[in-house]
Each structure stands twice: as C-alpha cells, then as structure tokens.
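Subject: Structure for you to look at

Dear colleague,

Here is the structure I promised to hand over, followed by some notes on its strands. Please keep it open while you read.

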Amino acid sequence: MRAVLTWRDKAELCIYDLAFKPDGTQLILAAGNRLLVYDTSDGTLLQPLKGHKDTVYCVAYAKDGKRFASGSADKSVIIWTSKLEGILKYTHNDSIQCVSYNPVTHQLASCSSSDFGLWSPEQKSVSKHKSSSKITCCSWTNDGQYLALGMFNGIISIRNKNGEEKVKIERPGGSLSPIWSICWSPSREEHNDILAVADWGQKLSFYQLSGKQIGKDRSLNFDPCCLSYFTKGEYILLGGSDKQVSLFTKDGVRLGTVGEQNSWVWTCKVKPDSNYVVVGCQDGTISFYQLIFSTVHGLYKDRYAYRDSMTDVIVQHLITEQKVRIKCKELVKKIAIYKNRLAIQLPEKILIYELYSDDSSDMHYRVKEKIVKKFECNLLVVCADHIILCQEKRLQCLSFSGVKEREWQMESLIRYIKVIGGPPGREGLLVGLKNGQEPNANSVAWNTQCEDMLCFSGGGYLNIKASTFPVHQQKLQGFVVGYNGSKIFCLHVFSMSAVEVPQSAPMYQYLDRKMFKEAYQIACLGVTDTDWHELAMEALEGLEFETAKKAFTRVQDLRYLELINSIEERKKRGETNNDLFLADVFSYQGKFHEAAKLYKRSGHENLALDMYTDLRMFEYAKDFLGSGDPKETKMLITKQADWARNINEPKAAVEMYISAGEHVKAIEITGDHGWVDMLIDIARKLDKAEREPLLMCAYYFKKLDNPGYAAETYLKIGDLKSLVQLHVETQRWDEAFALGEKHPEFKDDIYVPYAQWLAENDRFEEAQKAFHKAGRQQEAVRVLEQLTHNAVVESRFNDAAYYYWMLSMQCLDIAQDPAQKDMMLDKFRHFQHLAELYHGYHAIQRYTEEPFSFHLPETLFNISRFLLHSLTKDTPLGISKVNTLFTLAKQSKALGAYKLARHAYDKLQGLQIPARFQKSIELGSLTIRSKPFHDSEELVPLCYRCSTNNPLLNNLGNVCINCRQPFVFSASSYEVLHLVEFYLEEGITDEEAVSLIDLEAPRHKRENKWQEITSNNSQTLRLDETMDSRGDDDPFTAKLSFEQGGSEFVPVVVSRSVLRSMSRRDVLIKRWPPPLQWQYFRSLLPDASITMCPSCFQMFHSEDYELLVLQHTCCPYCRRRIDDPSP
C-alpha cells in the first residue's frame, strides 16, 4: 500500500473536524470560527461559511446529503442546507464537543461538556439529557437505533433514540484514559454491531453493542485524536500525536502510514466509496491522499495465491475454483508458491506452509517453518527446501532455518525470477534481467507443459513465442502471470482469470517446416478439431505415419486409420514404394488425378483404372486409357454396363439403357424409383407404334398417381377402353362422362361404376340417377325403393315422399315401353298417392313427436282430414292413424270443430294408444263432452264447381259429395284450391288447346247453356252456345249448383270456342310426359294467385310457395332447385 498526495491546502487555524458530503463532491472543514467548503476533486476552496462566534469544534453531514450541522465553542449548533445556507440555530449550556446525524432517521445528536441533545426536523424543541462527564465523541449504529457517547472520564455510554442509557462500558484506565474517538463499523458483513474505541491511554479497543469487548486492547504508542472507518468497514484510519495517519485492518492490525505531517493530526476521514483520504492538522494543513493497494500474489501451474484485506492470503485452484483463506493477522508483504510449498513474508518474519497431502486437489495448508527475521526484498521465490530473495541485482538463497547458503550478483536489475523444476534442493532458476527485456513486455510466463514456448504481455497484447519462430500476437487486457498448456492465467485489476488460447499458430509454424512430432506436441496442449485434422493430413502426406495415426485417433477418423494400418501391414510384408503409398493417400483424399499419375509412375496403371471405374468416372478412365489396348477399352465398357445394371446409380443406368435402346428396362427402373419427369420424357420420345413400353409407362403413371400423363399415353396409342377404365379408377368422372358422350359404347362402363361409387359414398339419390342414366332401370328402382324404405323406417317422411315421387316419375319413364305401360302407370299412380300421403304425414309426425309445432293449427287440421280421407283402405308403413286422429282431435277442438273432435276421440277409443298419449286423450275425451255438438261453419270446405258445403269428414274421400268433382289441395296448407279440372273435346290436341287458350279472344255477350247428355256408361255436361242469348260466355261461372241425379262423376268438357275465350293466366296445365294425358285446371278466383311447380305439378298458394322456396331454395315437394332451368 502506498499513499499518493492528490492536493494540499493550508488554513490559518487548527482543523478540528471535517465531513464529506455523502456523494463525495464536497468537503466541509471546521477551521477557527468558520466552516470551509472545498471541492474534493481539485482542492478548490468553494466558500467559507460564517455563523459561529467562536471556534468550531465539530461538523457532520446527514446521510441523505440535504443538511449538515456544525457545533462551536459559542455553545451553539447551526443546521446548514447543502446549498450552504444556515436555516436553524439552537444552543446548549456549554461548548459543543461533537455532532452526529442518525443514518436512518436524520435525527441530530449534539454533545456538549455537560449534556447532549437530540433534534429532528419534525420536533419544535431539542430534547436534552444531562451527562456525568464531558462528552468528547459520539457515533450512531448503522440501523440508527443506538447512539454511543465517549466521555472524558473513560466511560462509554450507549443510549437509545430517546436518550435513555442502555449499556455502560467502563474502561480500565478510567479518567486517566479519556475516550477521544469512537466509531461504529459500517460493515454489512458482520453479524454484530462493532464499536471501535480509541483513548488517550494509547489503546485501540473493539466492543459489541452488548458492551462485551472483542479481543484485547491494542497498544498504539501515541495519543489518538481521530478514528474513522472506510465506507465498507474493511480498514480503519487513526491519527493523533504521532503526527501521521496510520492504516489499520478492521481487527486493529497496523498496515502502514498514509501521510506524515508536521503537527498533530486532529481529524482524518475517507471519501465515501473510494480510496481517498483527507487529513486535517493542528497547523491548519489539509492533505488529500489516494491510497493505492498493490497486488501481492504468486502462481504455480493451476494454484494461484493472492493477498486479501492486506492481512489474509487466499489460495485459489484455477481449474476447480476451490478457495482457502489463511489469516496472518499481519501485513502480508510477499507471497511465493511452488508445488506443495507456500511462503508468506510478514513485516517481521517469513512463514513457510506445506500441503497436508500429495493429492492434486488438496487445499489444506499447515505451517512447516518460520524464519523470524526482517527482510527487505523485491521478489520472493520458494523451492522444496529453500527460499530465494531478490534485492535489485542480488539473489540470496536461504534455508528454511534462515541460514544464507548462496548468493549471486547479476549484471543488471532482476525483473523476473521463476523456479523451473528439478530435484529437491537442486532446482533450476529462470532469471529475467532488465537488459534482456522484450520491448513492451511487462510480464512473462513459460509454458509449464512445453519448454519451448513462452508468452509475454504488454501494451494491451498477448504475445506467444514458440522456438525461434516469429511471435504470434492477440489482444489481452491485464498482464500474464502463468501459462499452463493452452490456458493463460491473466491478472486484470484485482481479478484472476484463465484464458483459453488455442495453440494453432505455433502448431502451423512447426507444420510449415515439416516438424510433425513437435507440431503434435503443441497440438496436445490444445487446438481445435480442424487443426487436428490438418495435422493428421499433413503428417500422412509427409508419410509420418506414427504422428498421423495419433492425430486421426484424436479426431476418430476410422477411414484413414484403416488406410494407415493397411500401409503399415504392406510395409511389414516388404513393400517399399513410397509413390504407391502416397497414391493411396491421394485417392483417399479425393485427389484422384494426382493418385492416377503416381500409380502410372509406379507402373500400376491397372490400379488407376480400378479406381476410376469404382468411382464410376468412366470418362476419366477412357481419357486415362487414351488409344491404348482395345482389350482394356472393351473391359472398361463391360464394367460400365455391369455398373449400369447395378441400381446404386439408377439414373445413370437409365440413361445408358435409353442410349442402348433398352426402353423397357429403363422404364422399369424409372417407374420403380418414382421419377415421373424422366418417365414423361421417355413416353413422349417413344413412337406410338411401340405399344408395350408405352403401356408400361401408362401403368407406372397410374401407380405413381399421375393419371393425367397416363391418359396422355393411352390417347397416344388410341386405347380408349383403358382410358375409360383409368378415368373410372381415378374417379375423374367429368372426363369419363365427356368421353362417354363422344363414344356411347362406353356408357355402361362409366355410369355403372359411377353409380356404385356414389352408393358407396352414401350419395344414393345421385347413384339412382346414374343407374337411370346408364339404362339400368331395375337397379335405379331398387336403390330408390331401398332409400324410401329406409326413410320411412327412420321416420324421415319428407324424404320418403320425395323418393316416392322420384319412383313414380321413374315408373312413368319406363311406361313409355308399350310392353310395361299398364303396369308402370298403375305403379306411377300408386307411388304418386304414397308421395302425397307421406308429404302430408311429415307435418303430423313432427307435431306429435317434437315439442314445438312448425305449422298453423288450420294446416294441421286440413292435413289430418286429408290423410283420413285418403286412408280409406290399407294404411301405408310408418303412417300412424292414432297420430293423425290425435292431431285432428286437438286441432278440431282448438278451431271450434267440436263435433269432429268428438268423432275423432271416439275413433281413438277403438285404437291401441301409446302410453304417452293416454292421459291427454282421456282428458280430451272428457272435456269435449262439455262443448256444443256442432262444427264451426268457417271450417266447412266448399266445392268450387257446384258451391256445395261439404262435411268435414266425407265418406267419399277427397271429392265433392254433390258433384263428385275431386278437390285440388295446396301442397303446403292443404286447403281446397279454387280450381276445377276440365277436359278437352275429342279431336282437340294438347298443342291446339294451348294455342287456343293463348289467343285470348274477346268475349261476346251470349247465352251459354250446359246440356246434359246421358249415354250407357257416362254422363256428360256440354256447353251449347247461342249467339242471341245474353250472359257471360264462361262455362265455369254458369249456374253449377244443380242436384246431380246419378252417383257418377260428370267431368267438365270444353270445346274450341270455350278454350279460345279463356285467359292464359286463369288456366294451369299439368304437362305430363307421355303416355299420360295433360291435365287442365281453371282458376275460379283469378285474383287469388296459384303457383304450380313445373317439375312435380303440385299446386300452392303463390305466397306460400315463394316463402317455402326462400326457406329451402327448392320446391318443398320435388326439391327442384330454383336455379334449375329444366322442368
């Protein structure tokens, strides 16, 4: 440790006290009756502060840096702000001896000769407490809980924040040893608060908060006037009558002098968080010093010993990071370490330690010898049995007992000394002199694992030197202290670090000179895998097989190890041709042309040829042969062909087969490897006459999921059947259908598989259509019947209705065949009837099974009546009479048809009723008895032909009881529509009738008469016209409410003139395909619009139809989509 004076100033009067601002920027000095404020950076006097009338004895700064206080012989305390303004003043009865701020609460303690006061900003008054003796010094604990007071009578009183005494410490000297300075340790590492006490009994002592003394009193040999700690509590400063400031450890061990003065030192303090010390003296001198702590250390291989806290030695294992601390309790001056020895020089002696055991990881040291002598030396080295002292140019060798055995005098100053090994007692020393120093080198280290290498540092660079080669340089902070293998131990500031330095540069320097063994030794110290590989290759090419083998073993390259092994075996058998060995090496390295030249030079052309053919380098082989022996050329071509058959290189094989015209083999290899692009090229280059290879191409295209190219190939050879089959297999139906349109002979081959595919994918409706399209009517009908049956079983009655309608239309299609006409027409009518029933029953089933109804009561009422009228004979599968009657009963009751409801309940009594309806039906049967026995007249259906009111339950079914005219129902609400069917006179065709209706001739006023004609089998109403009678010419508005005599239905037949008089918008035509006749209907209320579906010919109120189409985007009956143009 050495102290460097930074600045000095001289005040005229004694400096009794000083205080630093906590940030270290300002220094406050008590000088005479003034305070002096200095800038700590350069010693500039910023401002003198006047406020006191007598000598200022003490000054203290608050921890937060906002205020400082000063105490004076004028009995007053002044509080100042950090801006150097006095803000408060209070007084005691005697002169103020010391002041101190609480570090936590900023409470100010001010002590006088007879009392002490405690003041804080929030208090109005100062609380004062009497003292039995003059208080000379005071100090707060770190946590601000306790205040220690040092008194002139040798007593230390420890008080709490309220001023109450908690602990009293009586020093042995009593009043003969006045306490002159005390300070609590600021260290955070200590478990207890430690109080340092300096008294004029010339003693330094340490106490715990409890009053218990720590250790013994330490004699000072001077009267201490000031005591202060470093910021972290690691060192203590003491000054006094010896006219100097001394540095002590926190345990009280004297380390050295900070600065010698010309008079007593009254105050000394450490600048916060730094190594700067300020000293104030009796003669007014202010000195500002910087303390520089030098590094004391030693290194041997991976053990590093260094000084810590000036009195301790820490030995660190640089590899395992283990540390051990040796406490010497005295200033450590020098450290040396060698093998199991450790030497520590203290001020009055040298201690020699040894390890407990020979274990390389053992870190336990014990004292072996003590040399109790004071030595002055620059460098210290320890050996197995000696210590070496260096004093400038002289070296001294001493035994462990302190006896000087040898001495050497050097020609220049000694800068470096190191033990380089040897037997115990006869070790070799390496000495570095100033006159042989490398420029810019501040430290040097030899490699402990390689004697031919050293490194030195300086100027921010690390230099590595091997043998006599040029220096390799890289950047490095700090200076080098050791070099072990590839690790360089570097000291930067106070920290030791191990830097990993690859030894690549010196290794390559040896390689360049073909010094393979030396290069290998360097590589062993630590190089990268790439460097090892390079070393192995270089050694191999230099035919240094031993080194190459070791290097290849290091990188685990088995290929080259096998090569070296085989060469060594051949050498044992007597082979000596180095060219041949080197040729093998080159061939392994991929240097084939160099290898071939060497083979040729050594007379082994066949080996070069084998090498090229093994590598499939046939072109190089041909070049190598040139125009040589034809047999050799033939052999080469044979090898090439053999290799082409080997599929390890199939692409090359394919090219060779193509060039040889072996297309089938080329296609086989290409197809098996899935090379579609190559297969396309082959197929397109082949002539269409080459059918077999082209068919093989198509097969592989199909297999490799490229049907487009397969199709192209089939088209090329004109194989349409295979093309159809391909489209069917790959389910490319659009292409198949397009082909079927052009070639109808393949229709069966397309539509039957298509229909089967649709059926397999649960698309039965489309499958049925496909069967129908393929002309497989039986399959089409069978699929539809199965679909219908499934729909009924699963209670999907709307689907069942749709399928029955489709079945009927298919039967109508088949009926065009005269042989099946009658049977198919019967089936058509039967299926049409079933479709209507299931369509209606769907609403009934939803009403009875589901919690919410989707239909109006009137609709359900009409549907249930329609179904009961239609179910006169057998009831179809799935339709429940109970559900129908139950719906009718409930809706009749709700709509006021009580008579009908009673009838329905009576009918239900004779049927087997499900348990869930039982209570409801029984309750309904009872409650209906309380209702009148008649039906609401609003519900009674009207015949639009004869205007007869029909009963709600009609024994005849869905026809008028009077004129037997069949009712036409809406397919959604099932109301009777205002339509009357009429028939054409014989001889009038459908086309003529439509053209006559379209004419819409103007009507004349004439009388129209209906004439009844009775023949054997039928009754006919005929409209006769007389021009002179008056009245409307429309036969539907004539008087139709006549009593019909017979029970047979008499249809309305119209003539040409009547057709001509009709309006097109009043006539609806069901244009059935042959063999059915068209049906004609006349609307009797033209303003009430009716819509007929062009596909299924079901009638709807126009508003209902539009709403349903919007909901379903298709006809609710036949599911014809609204965007479908076909009828």
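In strand β9, Tyr-90 is the bridge partner of Val-77, and β9 is joined by five bridges to strand β8 (residues 76-81), with the two running antiparallel. Strands here are DSSP runs (E, at least two residues), numbered from the N terminus, and two strands pair if DSSP finds at least two bridges between them. This is a predicted model, in which local features need pLDDT of at least 70, side-chain atom pairs count only at pLDDT 80 or more, and totals for chains, interfaces and linings use all residues. Residues are numbered from 1 along each chain as its sequence is written, and side-chain values use heavy atoms, leaving out hydrogens and water.

Strands β8 and β9 belong to an open sheet of four strands, in the order β6-β7-β8-β9, with antiparallel pairing. Its edge strands, each pairing on one side only, are β6 (56-61) and β9 (86-91).

Further along the chain, strand β29 (residues 297-300) runs antiparallel to β30 and is joined to it by four bridges, with Gly-298 having Ala-305 as its partner in β30. Two residues lie between these strands in their hairpin, where Lys-301 takes a positive phi near 50°. Strand β30 is also joined to β31 (residues 312-317), by six antiparallel bridges, and there Tyr-306 has Ile-314 as its partner. This second hairpin has three residues between its strands, and Ser-309 takes a positive phi near 55°.

Finally, five of the six residues of β30 (residues 303-308) are buried (under 20% relative accessible area, 1.4 Å probe, protein chains only), so this strand is largely enclosed by the rest of the structure.

Best wishes

Conventions
Buried < 20%, exposed > 50% of the residue type's maximum accessible area, 1.4 Å probe, protein only.
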